[in-house]
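Welcome, and please open the structure in your viewer. We will go from stop to stop, selecting a few residues at a time and looking at what is there.

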Amino acid sequence: MATREELIEKTRGWFTGRLPEDLFEGAPEVTVDREEITVVGRIPEPAYTEGASEAEKAATVEGRIKEFRERTREARMAVARDAEHKFGRKVSWGVRCGDQGRLFTHLSVPVMTRLKQPERALLDTLVDGGVARSRSEALAWCVRLVEKHAGDWVGDLRDAMRKVEEVREAGPDRESESTSESGEPDESGQADA
């Protein structure tokens with residue numbers, strides 16, 4: 001069974017090989033979870049008029065992103081169909097242009113959770129205070145806040161989980177899987193004890 005990291009690497013490699021060569025500048029960023037694959041590529045920054053203001057530059061980039069999205073829609077849809085068939089996940093797209101990033105499509109997946117009254121009261125406070133329109137939106141806001149303020153910690157946790165997966169893959173059960181059911185030696189010459 002492939003580890004999560006191997007799945008991400010294989011998916012990233014597949015997209016890098018499958019995408020039209022001139023679609024993005026360099027290899028795209030590929031993010032994978034249980035439901036969705038998100039592909040974000042860099043597109044060339046447009047030329048600006050001399051002395052362009054920040055507002056004009058932002059509008060130029062916005063126009064470039066819109067043009068790219070419309071021009072590449074059919075090609076991206078063909079790749080997404082292939083990927084959805086191969087990986088069993090929906091594909092979402094986005095781009096980076098200059099210092100701006102934009103997601104074109106993405107899934108909003110419901111996640112069931114159980115909250116005690118003080119936790120629900122916190123969500124209700126966010127709703128009542130106008131920070132969010134619903135408990136669901138308030139919970140998503142909380143997740144984004146944790147992501148923003150605990151980024152290094154979450155990164156360390158992901159690294160630790162990768163290490164656990166590596167240790168699990170190298171575990172003693174792996175050796176016995178390479179022997180046959182009858183105890184006869186396999187191609188490596190090992191037999192069941």
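**Stop 1: the second largest pocket**

This is a predicted model, and our tour begins at a pocket. The lining of the second largest pocket divides into five nonpolar residues, one polar residue and five charged ones. To see them, select Arg69, Arg73, Arg76, Met77, Ala80, Arg81, Glu84, Val91, Trp93, Phe104 and Thr105, which line this pocket. The space they surround has a volume of about 170 Å³.

Now colour helix H2 (54-87) and strand E3 (90-97), each of which supplies at least two residues of this lining. Which element gives the most to the lining of the second largest pocket? That is H2, with seven residues.

**Stop 2: the whole chain**

Zoom out until the full protein chain is in view. You should be able to find six helices and four strands. Starting at the N terminus, follow the elements in the order α-β-β-α-β-β-α-α-α-α. If you colour by burial, the buried residues will make up 24% of the 193 residues in the chain.

**Stop 3: the largest pocket**

Next, turn to the largest pocket, which holds about 2200 Å³ of space. How many residues line the largest pocket? There are 43, and those nearest its centre are Arg4, Asp33, Glu35, Val143 and Arg158. Select these five to centre your view on the pocket.

From there, widen the selection to the elements around it. Helix H1 (4-18), strand E1 (29-32), strand E2 (36-42), helix H4 (135-149) and helix H5 (151-169) each supply at least two lining residues. The largest share comes from H5, which gives nine residues. Colour the lining of the largest pocket by residue type and it divides into 16 nonpolar, nine polar and 18 charged residues.

If you wonder how such spaces are found, rolling a probe the size of a water molecule over the atoms shows where empty space is left.

**Stop 4: salt bridges**

Time to show side chains. The structure holds ten salt bridges, and we will visit some of them.

Begin with arginine 96 and glutamate 29, whose side chains meet in a salt bridge with an N to O distance of 2.9 Å. This pair links distant parts of the chain, with arginine 96 in strand E3 and glutamate 29 in strand E1, 67 residues apart. Arginine 96 is partly exposed, at a relative accessible area of 33%. Glutamate 29 is partly exposed too, with a value of 42%.

Move on to arginine 133 and glutamate 137, which form another salt bridge, their closest N and O atoms lying 2.9 Å apart. Is arginine 133 buried or exposed? Arginine 133 counts as exposed, because its relative accessibility is 72% and exposed means over 50%. Its partner, glutamate 137, is partly exposed, with a relative accessible area of 25%.

For the next pair, return to helix H5 and select glutamate 165 and arginine 168. Their side chains meet in a salt bridge of 3.0 Å, N to O. Because the two residues are three apart in H5, about one helical turn separates them. Glutamate 165 counts as partly exposed at 21% relative accessibility, while arginine 168 counts as exposed at 51%. Then select Glu5, Asp159 and Arg162, which salt bridges with shared partners join into one network.

**Stop 5: a surface patch**

Switch to a surface display and select Leu107, Val109 and Val111. Together they make a nonpolar surface patch of about 250 Å². Where is valine 109 placed? It is in the loop between strand E4 (100-103) and helix H3 (117-128). Valine 109 itself is partly exposed, with a relative accessible area of 37%.

**Stop 6: a buried valine**

For the last stop, go back to the cartoon view and select valine 40, which is in strand E2. Valine 40 counts as buried because its relative accessibility is 11%, and buried means under 20%. Now add glycine 101 to the selection and draw a line between the two C-alpha atoms. They are separated by 8.7 Å, although valine 40 and glycine 101 are 61 residues apart along the chain.

Technical notes:
Residues numbered from 1 in each chain as written. Predicted model: local features only at pLDDT ≥ 70, side-chain atom pairs only at ≥ 80, totals over all residues. Heavy atoms only, no water. Patch = residues over 30% accessible without salt bridge, like charges linked within 9 Å, V, L, I, M, F, W, Y side chains within 5 Å. Areas by Shrake-Rupley, 256 points an atom, 1.4 Å probe, with all protein chains shown as cover. Salt bridge = Lys/Arg side-chain N within 4 Å of Asp/Glu carboxyl O. Buried < 20%, exposed > 50% of the residue type's maximum accessible area, 1.4 Å probe, protein only. 1 Å grid on protein atoms, 1.4 Å probe; cavity = no way out; pocket = protein on both sides within 12 Å on 5 of 7 lines; lining within 4 Å. Points joined across faces, edges and corners; volume = space filled by probe spheres on them. Nonpolar A, V, L, I, M, F, W, Y, C, P; charged D, E, K, R; others polar.
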